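Biologist: Please bring up the sequence and the structure, and then we can go through the pockets and the annotated positions.

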Amino acid sequence: MTAVSLSTSTAAALRADAVVVAVAKGPKGLVLAPGAETVDEAFEGRLAEVLATVGATGAEGEAVKVPAAAGLKAPLVLAVGLGEAAEGYTAEALRSAAGVAARTLHGSKKAAFALPATDAAAIEAVTLGALLGAYTFTACRSDNGKADTKTPLAEVALVGAKRGDKAAKAAVERGTVVAEEMNRTRDLVNMPPNDLFPKSFADIATTVGKETAGVKVEVLDEKALTKGGYGGILGVGAGSERSPRLVKVAYTHPKAKASLAFVGKGITYDSGGISLKPAGHNETMKCDMAGAGAVFASVLAAAKLGLQVNVTGWLALAENMPSGSATRPGDVLRMYGGKTVEVLNTDAEGRLVLADAIVRAGEEKPDYIIDVATLTGAMMMALGSRTFGVMANDDAFRSTVTEVAEAAGEPAWAMPLPAHLRGPMDSTVADISNMGERMGGGLVAGLFLKEFVAEGITWAHLDIAGPAFNEGGPFGYTPKGGTATAVRTLVALAERAADGKL
Ligand code: BES
Ligand code: MN
Ligand code: ZN
C-alpha cells in the first residue's frame, strides 16, 4: 500500500513527482487554500492566476495540473478543488480532495501534499483520503497491475509538518490503520466469487487473525454448523458446491469498557437461489458479502488501535445458488435457537444467515449488536447509492449510530420499523416467513431480523445495499467497485464504547 509520512520540508523544497495544493471558490474567483504559500512564491504570487487561466475554479472534485515554476523541486503542480472557500475545511472536503489527488497521480511515485491540514483531525483526514484514493485492485490482472496507469502512488509526504508533533504522528497512524482496513474490505468485495467463497474467506480470516495481536478466530464448518443446528446458514448454503461457514473474530482488551457484537452478511455470491435473479440483477452480486467484509476489517482495526473494548465479529458466510440440493420456496428452516422460518423466496437469503448469527451473537450477552448487510434492493430505491439505512430496536441508539456514521464521513439515514409490517410475515406453517409486503421491503427485512435479537440487547441494523458497491464512476476517495462502507462507522462506535460514551 501507499505510505503516508510527515515531512518538515517545505512544499517547494521536497523532491517529488508532483506537489499538490488545494484551491477553493472565493467570492471573486479562485483562491489558494492555506498550505500552498511556498509554491505560490515560486510562481511569484501568480499561482491562482495561472490555475484560473487553465480553467481551474476550485470546485469540489476538480483536479488541474500545471508545470512547476523554477525553484520548485517537483516538476508538476496539481491543484485539487475544495468547493466553497471557508475559514476551515471539513474533514470530508479534505478527505475528498486528498483522494482526488491520489487518484489523479496514479502512475507517479512520490507526491508532496501541501494541503490545509495542520491540526490532527485534518491530518488524519488527508492521510485517509490519500490512502483510499490511491487504492487499486490488481489481483486479477495478468501483469499484477504493472502497467503505469494502474500503479498506485507509492509515497505521500505531508509537507510543512512541525518537528516532533506527536498528535500529527498519531493522526497519520490512525488514518493509516483505518485506510488499510477499508482497503482490505474493498479487496474482499472486489475479489471474484470463484476466488472468494465461504471456505476461502474463512481461511483468510484465520490467517490474518493469527497475524493480529489480541484477535482470535474460530471457524464453524458445515459439520459444526449441522451439529449446532444453524438452519438458516445451512439452508442458504444448501444449493452450493461450496459449503457455508460461520466465522467468529474476537478482539478482547483486558480493561474493556463495553462489549460489542458486529454481525456481517457474507453471501459470497447471491444468484437468488431457486428464486433466481434475472440477468441484469446478478452481475454485481459478488458484493453481497460486503457486510461481513466490513465487520471483519472493523474488528481488526479495533485491535490494531488497541481500543479498550471487546469486539466480536460474526461472519455469516454462504453462497446462494440454485441446484438439486438447494432450499426451495416452501421449505421450512429450523434456525439456530429453535425458531422456524418458511422460505417463500430464496432470494431473501441475507436475513436467514443473519438470523442465525444474531441469535448466536446474543448468547454472549454483548451490550450492543450491530449487523451490517447488503440486505435489500428496496433500501437502495429509498436512499440511493451513497446512503445506508439505519434501523434499531432503540430510538436513541438509532440516532447515535446515524450521527456517528455521518461524523465519520459515511452518509446514513434513520429508518423506522413500523409494527404493521410484521403481520404480513406470518406463515401458515412456521413461526414466521422470510417474505412480507413488497412496499417498504427494507423495513420488512429489518423487522424480520429484530425477531432474532435476544431480550434486553440494544441492536442496530445497517442496510448498506446502496453504498457497498460503486457501480458509477470514481469520485473523491471512492473507486469503482467495493467501497468499504460501514467500516468507519463500526470503528467509531467501538472507539465511543472504549471511551465509555456509547
Ligand atoms: N443481496 C440482495 C439485495 C441487494 C440488491 C444488494 C441490490 C445490493 C444490490 C438481497 O439478497 C435480495 O435479493 N433482496 C431481495 C429481497 C426480496 C426477495 C424480498 C430484494 O431486495 O429484491
Ligand atoms: Mn438475495
Ligand atoms: Zn443477498
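## Pockets and annotated residues

Biologist: How many nonpolar residues are in the lining of the second largest pocket?

Modeller: That lining has 13 polar and eight charged residues besides its nonpolar ones. Ala, Val, Leu, Ile, Met, Phe, Trp, Tyr, Cys and Pro count as nonpolar, Asp, Glu, Lys and Arg as charged, and the others, Gly among them, as polar. The nonpolar residues number ten.

Biologist: What should I know about the model and its numbering?

Modeller: This is a predicted model, in which local features need pLDDT of at least 70 and side-chain atom pairs pLDDT 80 or more, while totals for chains, interfaces and linings use all residues. Residues are numbered from 1 along each chain as its sequence is written, chains are lettered from A and ligands numbered from 1 in the order written, and side-chain values use heavy atoms, without hydrogens and water.

Biologist: Which helix gives the largest share of the lining of the second largest pocket?

Modeller: A pocket is an open set of points on a 1 Å grid over the protein atoms alone, where a 1.4 Å probe fits and protein lies on both sides within 12 Å along at least five of seven lines; lining residues have an atom within 4 Å of a point. Helices (H or I, at least four residues) and strands (E, at least two) are DSSP runs, numbered from the N terminus. Helix H3 (91–104), helix H5 (166–190) and strand S19 (469–470) each give two or more residues to this lining. The largest share, four residues, comes from H3.

Biologist: Which residues does UniProt mark as "active site", and is Lys277 buried or exposed?

Modeller: The unreviewed UniProt entry places that feature at Lys277 and Arg351, and the lining of the largest pocket includes both Lys277 and Arg351. Such annotations may be inferred rather than shown by experiment. Lys277 is in the loop between strand S10 (259–270) and helix H9 (290–304). Because its relative accessibility is 15%, below the 20% limit (exposed is over 50%, partly exposed in between; 1.4 Å probe, protein chains only), Lys277 counts as buried.

Biologist: Where is Arg351 found?

Modeller: Arg351 has 7% relative accessibility, so Arg351 counts as buried. Its contacts (heavy atoms within 4.5 Å), leaving out residues up to four places away in sequence, include Leu375, Thr376 and Phe448. Arg351 is found in helix H10 (residues 350–363).

Biologist: Which helix gives the most to the lining of the largest pocket?

Modeller: S10, H10, helix H11 (377–383) and helix H13 (441–450) each supply at least two residues of that lining. Four residues come from the helix that gives the most, H11.
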